[in-house]
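Let's take a walk through how this fold packs together. Have the sequence and the model open while you read.

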Amino acid sequence: MTEVTPLPRHVAIIMDGNGRWAKKNKIKIALGHRTGVEALRAIIRESSDIGIEALSLYAFSTENWKRDPSEVEALMGLLLEFFTSEIDELDEKNVCIRILGDKDGMPQKQRLALINAEERTKNNTGLKLNIAINYGGRAELVRAARSLAAKAAAGKIKPEDITEKTLSDELYTRGLPDVDLLIRTSGEMRLSNFLLYQCAYAEFLFPTVLWPDFSLEDYHQALEAFAHRDRRYGGRNS
Ligand code: IPE
Ligand code: IPE
Ligand code: MG
C-alpha cells in the first residue's frame, strides 16, 4: 500500500457495531464480539508495521457493565483470551501495552492478565498500545482532580501549580501525545465518554462500516482522509 503522510501520531478507535454485525449475520452476540477481536488484531499489527506512535482502543466502557450479564461475561472471557494468546506476539513486536481505566474494578483473573501485560511490555519501545477497559473519560478526570486535590491538601503543590501539563500528567495517557485522529465505526457520531480531554483537537471520522468488517483498506482510507485535513488549532494556515 502507498505511504500516507502525514501520519497521525496518536490514533484512537471506538470499535463499535459488534452487536449489529451479529444481528445482521443472525449469529450470537458473543460471536460478533469474537469477530471484532479479529479486526482488532489486524489493526494493531498494521499500526505497528506502518509506524503509528500510539494507538488507543476502546474495548469496554464503565457504562458497558449495564449490559446483560451473559454479554458482559462473554466480553470478559474474550479479554482474558486476547491477553493470554496475543501477549507473546505483541511483546515480540516490541509493543508497549498500557491499560486505560480502572483495573481494580475488574474480575481477578482479568486484572492479573492486564497487570502482567503492562509489566511484561513496559520497556518496549515500539507501538504504544493503549487498551481502554473499564474506562470512562469523566471518571478519569475525577480521578485526576482527586489526586491533585490530595497533593494540594498535603501542601505538595499550590492551586496555581495546576496547569494543563500537571493535569494531563494525572491522566491514564500520561506522556502520550494528544489524539490526532479518532475513528468510530458503525456510523454513530458520539464520543461515549472516550478520551474527553485528549480529543480536544482530534480529527473525527465516522465510517459506517461495523467494527467486525473494518478492514485494513478502511484503515488506510481513514489515514488518507486524515492526511488531507486542515488542522488549524484556532490559528490560520495562511
Ligand atoms: C462495541 O460493539 C463493542 C463493545 C461495546 C464492547 P457493540 O456491542 O456496542 O455493538 P452495537 O453498538 O450493539 O452494534
Ligand atoms: C462505546 O460503545 C464503548 C466501546 C466501543 C467499548 P457503546 O456501544 O457502549 O456506546 P453507546 O452506548 O452506543 O454510546
Ligand atoms: Mg455500540
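## Two helix pairs

A quick bit of vocabulary: angles under 35 degrees count as roughly parallel, over 145 as roughly antiparallel, 65 to 115 as roughly perpendicular, and the rest as oblique. Keep in mind that this is a predicted model. Now take helix α2 (residues 29-50) and helix α7 (residues 216-227), whose axes come within 10 Å and cross at roughly 50°. That angle falls in none of the named ranges, so α2 and α7 are oblique to each other. Their crossing is right-handed. On the α2 side, the contact uses Ala42, Ile43, Glu46, Ser47 and Ile50, while α7 brings Leu216, Tyr219, His220 and Leu223. Sorted by class, that makes six nonpolar, two polar and one charged residues.

Helix α3 (residues 69-92) and helix α4 (residues 108-121) make another pair, with axes that come within 10 Å and cross at roughly 20°. α3 and α4 are therefore roughly parallel to each other, and their crossing is left-handed. From α3, Met76, Gly77, Leu80, Phe83, Ile87, Asp88 and Asp91 take part, and they meet Lys109, Gln110, Ala113, Leu114, Ala117, Arg120 and Thr121 of α4. The residues in this contact split into seven nonpolar, three polar and four charged.

## The nonpolar cores

Which residues have the most contacts inside the largest nonpolar core? They are Leu55, Phe83 and Leu129, in a core of 44 residues. Helix α3 gives the most to this core, with nine residues. There's also a second, separate core of 13 residues, with Ile14, Tyr58, Val179 and Leu195 among them.

Back in the largest core, have a look at Leu129. Skipping its neighbours within four places in sequence, Leu129 is in contact with Ile44, Leu55, Leu57, Leu90, Val95, Cys96, Ile97 and Arg98. As a rule, nonpolar side chains in soluble globular proteins tend to be buried together.

## A closer look at Ile183

Ile183 sits in strand β5 (residues 181-184). Is this residue buried or exposed? Its relative accessibility is 0%, so Ile183 counts as buried.

Who are its contacts? Setting aside the neighbours within four places in sequence, Ile183 is in contact with Val11, Ala12, Ile13, Ile14, Leu205, Pro207, Phe214, Tyr219 and Ala222. Ala12 is worth clicking on: its C-alpha atom is separated from that of Ile183 by 6.3 Å, although the two residues are 171 residues apart along the chain. Tyr219 may ring a bell too, as one of the α7 residues in the contact with α2.

Key. Residues numbered from 1 in each chain as written. Chains lettered and ligands numbered in written order. Predicted model: local features only at pLDDT ≥ 70, side-chain atom pairs only at ≥ 80, totals over all residues. Heavy atoms only, no water. Core = buried A, V, L, I, M, F, W, Y, C linked by side-chain atoms within 4.5 Å. Buried < 20%, exposed > 50% of the residue type's maximum accessible area, 1.4 Å probe, protein only. Helix = DSSP H or I, 4+ residues; strand = E, 2+ residues; numbered from the N terminus. Contact = heavy atoms within 4.5 Å. Axes fitted to C-alpha atoms, helices over the stretch in contact; angles between N-to-C directions. Left-handed = near helix turned anticlockwise from the far one by under 90°. Nonpolar A, V, L, I, M, F, W, Y, C, P; charged D, E, K, R; others polar.
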